[in-house]
Amino acid sequence: MPPDAGLRGRLSAPGYMHMMVSRPEQWVKPMAVAGANQYTFHLEATENPGALIKDIRENGMKVGLAIKPGTTVEYLAPWANQIDMALVMTVEPGFGGQKFMDDMMPKVHWLRTQFPSLDIEVDGGVGPDTIHKCAEAGANMIVSGSAIMRSEDPRSVINLLRNVCSEAAQKRSLDR
Ligand SMILES: O=C(CO)[C@H](O)[C@H](O)COP(=O)(O)O
């Protein structure tokens, strides 16, 4: 998205930016100016996550922190109390249509156990066949591309994904 002032308020959904880029520091200001509400960067892409978190907040955005499949959740944990959302990638970043990695679910489960009120997102290969695993592990935000776009009934897929997540969240809150 090119830097363009004034998107905030004109977007029908929050402007959540997932920056799969190197040197994420350089896009904070342009995204804020463009109207982004949340800026998610990859832990692997910066040498100073603390400074970047501070900069994102000072630019009026919420903070998301993503980890690639090869990064263990212990690297994210020290930042968890300073962020709004943890993003566990369930494919290698790059392109849609890849196979969901089941073995990322222990990361989600661990984060949910340690940080009950943190937003936890999964991204990659999420659809009707995999959503139950994500929701049961504790994800409350999902990214789904192919499963929706390739469906003959995208609306029903979206509804299913939403319902599975909200039922799991409701169950968790009753169990607490
Ligand atoms: O950007 C991605 C990977 O880099 C996402 O995984 C992708 O956009 C979501 O698509 P899909 O549901 O097809 O995995």
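Trainee: In this predicted model, how many of the five residues of strand β2 are buried?

Mentor: Strand β2 spans residues 38–42 in the predicted model. The strand is mostly covered. The number of its five residues that are buried is four.

Trainee: Which strand do four bridges join to β2?

Mentor: The partner runs parallel to β2 and comprises residues 16–19. In this pairing, Tyr16 stands opposite Gln38 of β2. The strand joined to β2 by four bridges is β1.

Trainee: Which helix makes a β-α-β unit with β1 and β2?

Mentor: The unit is right-handed. The helix that belongs to it covers residues 28–34. That helix is α1.

Trainee: Through which helix does the chain cross from β2 to β3?

Mentor: Strand β3, residues 62–67, runs parallel to β2 and is joined to it by five bridges. Thr40 stands opposite Gly64 in β3. The chain passes from β2 to β3 in a right-handed β-α-β crossover, by way of residues 49–58. The helix in question is α2.

Trainee: Within what arc do the buried residues of α2 fall?

Mentor: Pro49, Leu52 and Ile56 are the buried residues in question. Seen down the axis of α2, the directions of its buried residues keep to a narrow range, so they line one face of the helix. On the other side of α2, Gly50, Ala51 and Glu58 are exposed. The arc that holds the buried residues is 60°.

Trainee: Which elements are included in what covers the buried residues of α2?

Mentor: The cover includes one helix and two strands. The strands β2 and β3 are both joined through α2 by the crossover. The elements included are α1, β2 and β3.

Trainee: Where does the largest nonpolar core lie with respect to domain 1 and domain 2?

Mentor: This core has 38 residues, and those with the most contacts inside it include Tyr39, Leu65 and Ala86. Domain 1 (1–65) and domain 2 (68–176) both contribute residues to the core, so its place is between them. Ala86 touches Leu65, among others. The core therefore lies between domain 1 and domain 2.

Trainee: Which element gives the most to the side of domain 1 that touches domain 2?

Mentor: The C-alpha centres of the two domains lie 20 Å apart, and 13 residues of domain 1 are in contact with twelve residues of domain 2. On the domain 1 side, β2, α2 and β3 each give two or more residues. The element that gives the most, with four residues, is β3.

Note on methods. Residues numbered from 1 in each chain as written. Predicted model: local features only at pLDDT ≥ 70, side-chain atom pairs only at ≥ 80, totals over all residues. Buried ≥ 20, exposed ≤ 12 C-beta atoms within 10 Å, placed from the backbone. Pairing = 2+ DSSP bridges. Right-handed = clockwise from strand over helix to strand, strands pointing away. Core = buried A, V, L, I, M, F, W, Y, C linked by C-beta atoms within 7 Å. Domains from an automatic or database assignment. Contact = placed C-beta atoms within 7 Å. Arc of directions from axis to C-beta. Lists of a residue's contacts leave out its neighbours within four places in sequence.
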